[in-house]
Amino acid sequence: MPLKIVDNDPEKARRFRELALPHLDDVYTLARYLLRNAADADDAVQECYLRALKHFHTYQGPAIKPWLFAILRNVCNAEYARRANAPSTGADELPEDAEKAPLWHEAQETPEAQIVKRHEAGTIRRLIAGLADPFRETFVLREIENLSYREIADVAEVPVGTVMSRLARARAMLRSAWLAEQELKK
Amino acid sequence: MTCDEAEILLHALIDGELDAGHAREVEAHIATCAKCAAAARDYREIKKAMAAGGLRYSAPPELRRRIEASLPRAQAPTRRALLRGFAMGSAVSAIAATGLFAVILRGDDEARLQTEFVSAHLRSLQANHLTDVVSTDQHTVKPWFNGRLDVAPPVADLSSQGFTLVGGRLDYIDGRPVGALIYRRRQHVINLFVAQGASAETRAAKMETMQGFNVHRWSERGLNYWAVSDLAKDELANFCEKFEAATRAAG
């Protein structure tokens, strides 16, 4: 049986597990919103964790979540580049008809509160999926991942002012869609 | 404050990112501007709807499993038994301790351990991580291990005998922390690994060659030693004798 020495520092691996693994769902959630495709998100998250472990010695704290997000973002950008170069097969397109604009025109099928809630969440997900990349990224980092403006600026590598204007744009777009949906409910 | 300014800043207000002074200004604007007030109200509502949940994804179990499998294994308690089993000088005792691993142990645990120590020696040379504590002073190196190991490895100053102490390092042999003392003789590096043994028995020394390295191992007063180096066999044996003699005299 060959000796498996993947990394020469189990202490490092243990710390990495303790710090990074609890954020797997966070990283996966961001990947889903950034890539809008479950299979690509799977690959990106796995790649993200491999890179994160490899570069774990560069992690200086304090919060590991933004650090993981920054790595994921790089992985996703590579994926974007690949998509841009690859001939479109259709499989890489937005899933769940995300790009068909007024998806909020869905009728309520049942009055049950649970269903309504799920329905709303589904609607919001699709509205978010419809946002252009930089706005979607900023919005998700803020509203779903709960990062501060400063942390978002670090992850997205832009000034805080840009974060603020992107967030304003993203929310304004969502608001229009939201209002249109509220209108339909009446 | 103008609507254009408020349009950006009211988000910072909602997100709690605004300092008190600006927050007051934005609030003052909203109080007098119906358009911005309506926007702020909608944004808060959207935020509330989003907080209701259902927007987060859970990583698929298969992905989680793949990622966990790709990480270096966490410390496995059975490895400890393996080391102890070696110290007892018999695979049988190790099998008795961990019946589960009988198949893996099967009498070749000694060779496996030896491979690991040679690998650790190689890593220390390649990874530019020869020492954690750099000192030629045994009184600096010895206390460094305090709290890092469950044993206190004896450290001997052998510089007068041609073996220079370079420092110490914490190494891991498949998940178990092991102390490593680093000595130099001319251009050659000696890694002397020290780990706790299972009993106080003293075992006869043994010299073997593996992957071009000589490995000399012995047990002494409850500690197991593995010296690994590219030094010639007789020189390495000489080093081990000197080390033993010095620590025996000190202890």
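A nonpolar core, as I use the term here, is a set of buried Ala, Val, Leu, Ile, Met, Phe, Trp, Tyr and Cys residues joined through C-beta atoms within 7 Å. The model I'm looking at is predicted.

**Entry: cores**

I pulled up the largest nonpolar core and got 60 residues. The ones with the most contacts inside it are Ala31(A), Ala44(A), Val45(A), Cys48(A), Leu68(A), Leu72(A) and, from chain B, Leu10(B). I then looked up which element gives this core its largest share: it's helix H8 of chain A, residues 160–185, with eight residues.

Next I picked Val45(A) and listed what it touches, skipping residues up to four places away in sequence. In chain A I found Val27(A), Tyr28(A), Ala31(A) and Leu72(A); in chain B, Ala59(B) and Leu63(B).

There's another core lying apart from the largest one. I got 34 residues for it, including Val178(B), Ala180(B), Val194(B) and Ala195(B).

**Entry: where A meets B**

I looked up the contact between the chains: chain A puts in 42 residues and chain B 38. On the chain B side, I noted four helices that supply at least two residues each: H1 (3–14), H3 (34–51), H4 (61–70) and H8 (109–126). H3(B) has the largest share of that side, with six residues. I sorted the chain B side by class too, and it came out as 19 nonpolar, nine polar and ten charged residues.

**Entry: Ala23(B)**

Ala23(B) sits in helix H2 of chain B, residues 20–32. Is Ala23(B) buried, exposed or partly exposed? I get 16 C-beta neighbours inside 10 Å, so Ala23(B) counts as partly exposed; buried would need 20 or more. Leaving out neighbours within four places in sequence, I see Ala23(B) in contact with Leu13(B) and Leu18(B). I also checked Ala23(B) against Leu10(B): they're 13 residues apart in sequence, and C-alpha to C-alpha they're 8.2 Å apart in space.

**Entry: the chain B sheet**

I traced an open sheet of seven strands in chain B, with antiparallel pairing and the order S1-S2-S3-S4-S7-S6-S5. Its edge strands are S1 (133–134) and S5 (206–210), each pairing on one side only.

How many bridges join S4(B) to S7(B)? I find seven, between residues 188–196 and residues 223–229, with the strands running antiparallel. Following Val194(B) across, I land on Tyr225(B), its bridge partner in S7(B).

Last lookup: helix H10 of chain B, residues 233–250. It lies across S3 (176–185), S4, S5, S6 (213–220) and S7 of chain B, and I get an angle of about 25° to S6(B).

Definitions and conventions. Residues numbered from 1 in each chain as written. Chains lettered and ligands numbered in written order. Predicted model: local features only at pLDDT ≥ 70, side-chain atom pairs only at ≥ 80, totals over all residues. Contact = placed C-beta atoms within 7 Å. Nonpolar A, V, L, I, M, F, W, Y, C, P; charged D, E, K, R; others polar. Buried ≥ 20, exposed ≤ 12 C-beta atoms within 10 Å, placed from the backbone. Pairing = 2+ DSSP bridges. Axes fitted to C-alpha atoms, helices over the stretch in contact; angles between N-to-C directions.
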